[in-house]
Amino acid sequence: MTEQTTECCPRFNPEPWEDREIVWNDKRFLKDHVISLFHIPLNFGAVMKRDMEAIEAAGADSEDMFVLSDEKSLWGSDVYLPISKEIKGVETTTLSGTFLSKVFEGSYRHMTQWIEEMRSYVQEQGREIKKLYFFYTTCPKCAKKYGENYVVILAQV
């Protein structure tokens with residue numbers, strides 16, 4: 001088995017996400033919902049399996065695969081998976097705007113600190129945050145295997 005197939009997540013390369021400005025104009029996403037308990041996802045695996053099956057069945061794979069999370073409440077989050085075309089039978093949406101991204105590494109217990117760092121970074125750029133999205137780059141098993149736990153925060157400005 002190769003390193004990528006031993007677990008489910010490929011090793012994350014932070015370079016394309018670090019200190020970047022990303023502009024999306026009607027970028028298509030499959031949108032779904034994950035149930036959480038104090039921001040800890042309870043059914044993330046089942047939701048991802050269902051969503052990936054829908055994407056593959058429709059031939060709607062995107063060149064850039066990642067999952068954005070909108071941590072709306074302590075009890076759930078909306079997740080967004082990029083797609084290349086519309087898919088029937090699932091909720092889809094588009095995101096447009098300018099996003100600043102920054103990569104963080106470490107334990108999730110630092111999330112409050114990372115959010116504050118992101119706020120400072122956006123302010124230093126002379127911008128204002130409209131909304132935050134989170135990209136958890138690997139599952140806990142893969143993060144443990146790689147010895148790295150990267151989280152990308154995207155600030156819509």
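A residue is called buried when its relative accessible area is under 20%, exposed when it is over 50%, and partly exposed in between (1.4 Å probe, protein chains only). By this scale, Lys-131 is partly exposed, with a relative accessible area of 29%. The structure is a predicted model, in which local features need pLDDT of at least 70 and side-chain atom pairs count only at pLDDT 80 or more, while totals for chains, interfaces and linings use all residues. Residues are numbered from 1 along each chain as its sequence is written, and side-chain values use heavy atoms, with hydrogens and water left out.

Lys-131 makes a good starting point for the salt bridges. A salt bridge here is a side-chain nitrogen of Lys or Arg within 4 Å of a carboxyl oxygen of Asp or Glu, and the structure holds 14 of them. In one of these, the side chain of Lys-131 meets that of Asp-70, at 2.9 Å from N to O. Lys-131 belongs to strand 6 and Asp-70 to strand 3, so this pair ties together parts that are 61 residues apart in sequence. Helices (H or I, at least four residues) and strands (E, at least two) are DSSP runs, numbered from the N terminus. In contrast to its partly exposed partner, Asp-70 counts as buried, at 8% relative accessibility.

A further salt bridge joins Arg-28 and Glu-86, whose closest N and O atoms are 3.6 Å apart. This pair also links distant parts of the chain: Arg-28 is in strand 1, Glu-86 is in the loop between strand 4 and strand 5, and 58 residues separate them. Both partners are partly exposed, Arg-28 with a relative accessible area of 34% and Glu-86 at 47%. Within helix 3, Arg-119 pairs with Glu-116, again with the closest N and O atoms 3.6 Å apart. These two residues lie 3 residues apart, about one turn of the helix. Arg-119 is partly exposed at 41% relative accessible area, and Glu-116 is partly exposed at 45%. Elsewhere, salt bridges that share partners join Lys-31, Lys-72, Asp-78 and Glu-91 into one network.

Helix 3 itself spans residues 111-124, 14 residues in total, and reaches 20 Å from its first C-alpha to its last, close to the 20 Å expected at 1.5 Å a residue. The expected span is 1.5 Å times one less than the number of residues. The buried residues of helix 3 are Met-111, Trp-114, Ile-115, Met-118, Tyr-121 and Val-122. They cover an arc of only 120 degrees around the axis, which puts them on the same side of helix 3; the arc is that of the directions from the helix axis to the C-beta atoms. Their cover includes strand 1, strand 5 (92-105), strand 6 (131-136) and strand 7 (150-156), where contact means heavy atoms within 4.5 Å. On the face turned away from this buried side sit the exposed residues Thr-112, Gln-123 and Glu-124. Just after the helix, Gly-126 takes a positive phi of about 75 degrees.

Helix 2 can be read in a similar way. It runs over residues 44-58 and has 15 residues, with a reach of 21 Å from its first C-alpha to its last, close to the expected 21 Å. Val-47, Met-48, Asp-51, Ala-54 and Ile-55 are its buried residues. These cover an arc of only 130 degrees around the axis, which puts them on the same side of helix 2. Strand 1 (20-37) and strand 4 (76-82) are among the elements that cover them. The face turned away from the buried side carries exposed Gly-45, Ala-46, Lys-49, Glu-56 and Ala-57. Just after helix 2, Gly-59 has a positive phi of about 65 degrees.

Positive phi values are also found in residues other than glycine. Asp-26, with phi near 55 degrees, is placed in strand 1 and counts as partly exposed at 48% relative accessibility. Phe-38 has a positive phi of about 55 degrees; this residue is found in the loop between strand 1 and strand 2 (40-41) and counts as exposed at 51%.

Phe-38 also belongs to a nonpolar surface patch, formed together with Ile-35, Leu-37, Leu-42, Leu-74 and Trp-75, with about 620 Å² of accessible area together. Patches are made of residues with over 30% relative accessible area and no salt bridge, joining like charges within 9 Å and nonpolar side chains (Val, Leu, Ile, Met, Phe, Trp, Tyr) within 5 Å. Accessible areas come from the Shrake-Rupley method with a 1.4 Å probe, and for residues only the protein chains shown count as cover. Within the patch, Trp-75 lies in the loop between strand 3 (68-73) and strand 4 and is partly exposed, at 47% relative accessible area.
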